[in-house]
Amino acid sequence: MIAGLLCALQTGPSFVDRTKELGLTLADGPSCWIDYDQDGWPDLIAGGTLWHNDKGKRFTKVFDPGPCVAADYDNDGYADLFSYSQLKLWHNDRGKGFTEVKLPALPPTVSLCACWGDFNNDGYVDLYVGGYEDFDKDITYPSFILTNQGGKSFKLTWSEARYRTRGVTACDFRHSGSLDLYTSNYRLMPNELWINDGKGVFKDEAAQYNALATSPGFDGGHSIGACWGDFDDDGEFDLFAGNFAHRDDRGDQPKSRFLHNQGPRYGYRFEDMGTCGVFYQESYASPAAGDFDNDGWLDLFFTTVYGTASFGRPNNAVLFKNNGNWMFTDSTAAAGLANLEPTYQAAWADINRDGQLDLVTGGKLFVNQGNKNHWIEVRLSGDGKTVNRSAIGAQVRLRLGSRVLARQVEAGTGEGNQNDLTLHFGLGSNRGPVDLNICWPNGRTQVVRGVKADRIVDVALG
């Protein structure tokens with residue numbers, strides 16, 4: 001059995017650093033993948049700089065908008081950029097350039113994250129901006145919501161300085177037709193699960209849904225980033241909460257953990273699965289979920305804050321392979337990602353459209369060399385009336401035997417990162433055809449039948 005596992009690791013996909021070869025000089029810092037000019041290839045914002053992807057062969061610098069999350073706020077077919085660190089909104093001028101858009105007066109804040117989503121179901125994406133801290137002055141900065149006014153302006157509709165937020169991500173995990181929000185809060189403060197009433201009014205029900213991601217004796221952990229994902233292929237969206245955790249005379253603090261969505265039978269309440277093989281490192285930071293080996297199971301890449309943590313212990317980013325049944329194993333070295341520098345940068349995209357997920361992290365772009373497993377990628381677009389053009393919040397499911405794989409279009413994950421909006425499904429040895437079951441943010445469902453493997457499928461709301 002051990003020999004078989006080693007063989008599988010050796011013949012699996014590996015990553016090669018192609019940063020310089022592709023013309024990139026990347027700064028560290030959160031990253032965002034977005035096809036800003038609608039040419040079919042995902043472009044990259046990393047360390048605050050936007051780079052244009054020339055068909056997976058080379059990247060060229062465009063401009064410096066700051067760390068961003070991206071979505072089409074005015075439904076003109078082109079994704080716009082919001083820089084949460086600078087509190088600036090950049091309108092995409094049909095892929096030809098960007099113009100800064102005036103925002104309403106905002107509360108003074110320091111932000112490390114933001115998330116797009118149509119929170120009030122009017123067909124236009126809104127913004128949740130997370131507020132962090134000034135530690136030396138003991139200031140908790142406010143988080144706030146900017147509600148989209150028909151694609152023409154934004155209105156500040158909510159603000160609260162409650163906890164010190166480092167990450168925010170959204171998902172309709174209850175099949176309610178409305179996006180809920182999960183915030184990762186630092187300084188041993190509870191994480192929040194903001195339940196949406198369908199009109200963009202939220203109530204924190206993290207405790208009721210068992211989503212605090214903490215351990216006995218603590219109100220919360222040092223959460224930096226979290227990500228949604230169907231980690232057990234049951235068609236429901238689970239959570240992984242990443243916690244920085246000291247282990248010394250200050251106590252054995254809450255570790256990172258998987259939260260299993262138990263579905264409608266249990267009211268979508270989460271079951272705390274514990275670490276599931278994510279071994280202890282003190283300074284874990286930002287997670288990113290993606291099926292790097294195309295076996296149909298979502299894997300996890302997890303960065304660290306420090307290269308050397310307390311007591312001189314080395315900390316490095318880890319690629320955890322999902323083996324099913326809530327078991328994850330360290331595949332970092334086998335995949336060519338050993339000894340990475342500390343970073344908050346982690347996001348997935350298929351940069352050359354070969355069906356293999358590539359990874360940006362630590363100021364480097366690692367290209368996936370792939371394997372023989374099959375795949376399908378799905379690009380969704382809303383009608384710009386009932387569903388936002390970027391299709392943020394849309395979910396797609398497909399069946400592989402007894403397994404149901406679920407993916408969602410999201411614009412914000414981990415701490416200030418964003419994966420490509422194109423949905424990626426690994427199929428293992430399955431060549432298809434498969435049916436795609438789409439649930440749009442307005443609650444409408446759509447089925448695309450008989451999709452064969454190893455191709456990109458474009459689906460518009462129809």
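**Aromatic contacts, voids and backbone outliers in a predicted model**

Phe244 is buried, with a relative accessible area of 3%. The model described here is predicted. Two ring contacts of Phe244 are set out below, followed by the overall fold, the voids and the backbone.

Phe244 pairs with Tyr306. The ring centres of Phe244 and Tyr306 are 5.9 Å apart and the planes meet at 85°, so the pair is edge-to-face. An angle over 60 degrees is what places a pair in that class. Phe244 belongs to strand β21, whereas Tyr306 sits in the loop between β27 (299-304) and β28 (318-322); the pair therefore ties together parts that are 62 residues apart in sequence. Tyr306 is partly exposed, at 40% relative accessibility.

A search of the whole structure returns 26 aromatic pairs. Tyr186 and Phe244 form one of them: the centres lie 6.4 Å apart with the planes at 80°, so this pair is also edge-to-face. The pairing cut-off is 6.5 Å between centres. Tyr186 is placed in the loop between β17 (180-185) and β18 (192-196), and Phe244 in strand β21 (residues 238-244), so parts 58 residues apart in sequence are tied together by the pair. Tyr186 is buried, with a relative accessible area of 8%. The ring of Tyr186 has a further partner. The charged end of Arg166 sits over this ring, 4.6 Å from its centre. A second arrangement of this kind involves Arg247, which lies over the face of Tyr280 at 4.0 Å from the ring centre.

Ring pairs also build a cluster. Its members are Phe231, Phe240, Phe258, Tyr284, Phe302, Trp326 and Phe328.

The overall fold comes next. The secondary structure of the protein chain amounts to 1 helix and 39 strands. The C-alpha atoms fill a box of roughly 60 × 55 × 50 Å along the principal axes. The radius of gyration is 20 Å; for 462 residues a compact globule would have one near 23 Å, and the two values agree. Of the 462 residues, 63% count as buried.

The structure holds 3 cavities of 30 Å³ or more. The largest cavity contains about 320 Å³ of space. It is lined by 27 residues, with Ala289, Arg407, Gln408, Glu410 and Asn419 closest to its centre. At least two lining residues come from each of β20 (222-229), β26 (284-290), β30 (347-349), β35 (403-408) and β36 (423-428). The lining of the largest cavity divides into 12 nonpolar, 7 polar and 8 charged residues.

The second largest cavity has a volume of about 90 Å³. Its lining consists of Asp118, Asn121, Asp172, Gly177, Ser178, Leu179, Gly393, Gln395, Cys439, Trp440 and Pro441. By class, these are 4 nonpolar, 5 polar and 2 charged.

The largest pocket offers about 450 Å³ of space. Of its 22 lining residues, Asp35, Gln38, Arg379, Leu380 and Ser381 lie nearest the centre. Strands β33 (374-381) and β39 (455-460) are the elements that give two or more residues to this lining. The lining of the largest pocket comprises 9 nonpolar, 6 polar and 7 charged residues.

Gly382 is located in the loop between β33 and β34 (395-400). Gly382 is buried, with a relative accessible area of 4%. Its C-alpha atom is separated by 19 Å from that of Asp435, and the two residues are 53 apart along the chain.

Some backbone geometries stand out. Most residues other than glycine have a negative phi, and most peptide bonds are trans. The peptide bond from Gly432 to Pro433 is cis, with omega near 0°. Pro433 falls in the loop between β36 and β37 (434-439). Leu87 is not a glycine, yet has a positive phi of about 55°. This residue lies in the loop between β7 (80-83) and β8 (88-92). Asp454, also not a glycine, has a positive phi of about 65°. Asp454 is in the loop between β38 (445-451) and β39. At 35% relative accessibility, Asp454 is partly exposed.

Notes:
Residues are numbered from 1 along each chain as its sequence is written. This is a predicted model: local features need pLDDT of at least 70, side-chain atom pairs count only at pLDDT 80 or more; totals for chains, interfaces and linings use all residues. Side-chain values use heavy atoms; hydrogens and water are left out. Rings of Phe, Tyr and Trp (its six-membered ring) pair if their centres lie within 6.5 Å; planes under 30 degrees apart count as stacked, over 60 as edge-to-face and the rest as tilted. Helices (H or I, at least four residues) and strands (E, at least two) are DSSP runs, numbered from the N terminus. Buried means under 20% relative accessible area, exposed over 50%, partly exposed in between (1.4 Å probe, protein chains only). A charge sits over a ring if NZ of Lys or CZ of Arg is within 6 Å of the ring centre and within 35 degrees of the ring normal. On a 1 Å grid over the protein atoms alone, a cavity is a set of points where a 1.4 Å probe fits but cannot get out, and a pocket is an open set with protein on both sides within 12 Å along at least five of seven lines; lining residues have an atom within 4 Å of a point. Grid points are joined across faces, edges and corners, and a volume is the space filled by probe spheres set on the points. Ala, Val, Leu, Ile, Met, Phe, Trp, Tyr, Cys and Pro count as nonpolar, Asp, Glu, Lys and Arg as charged, and the others, Gly among them, as polar. The radius of gyration is taken over C-alpha atoms; the globule rule is 2.2 Å times the number of residues to the power 0.38.
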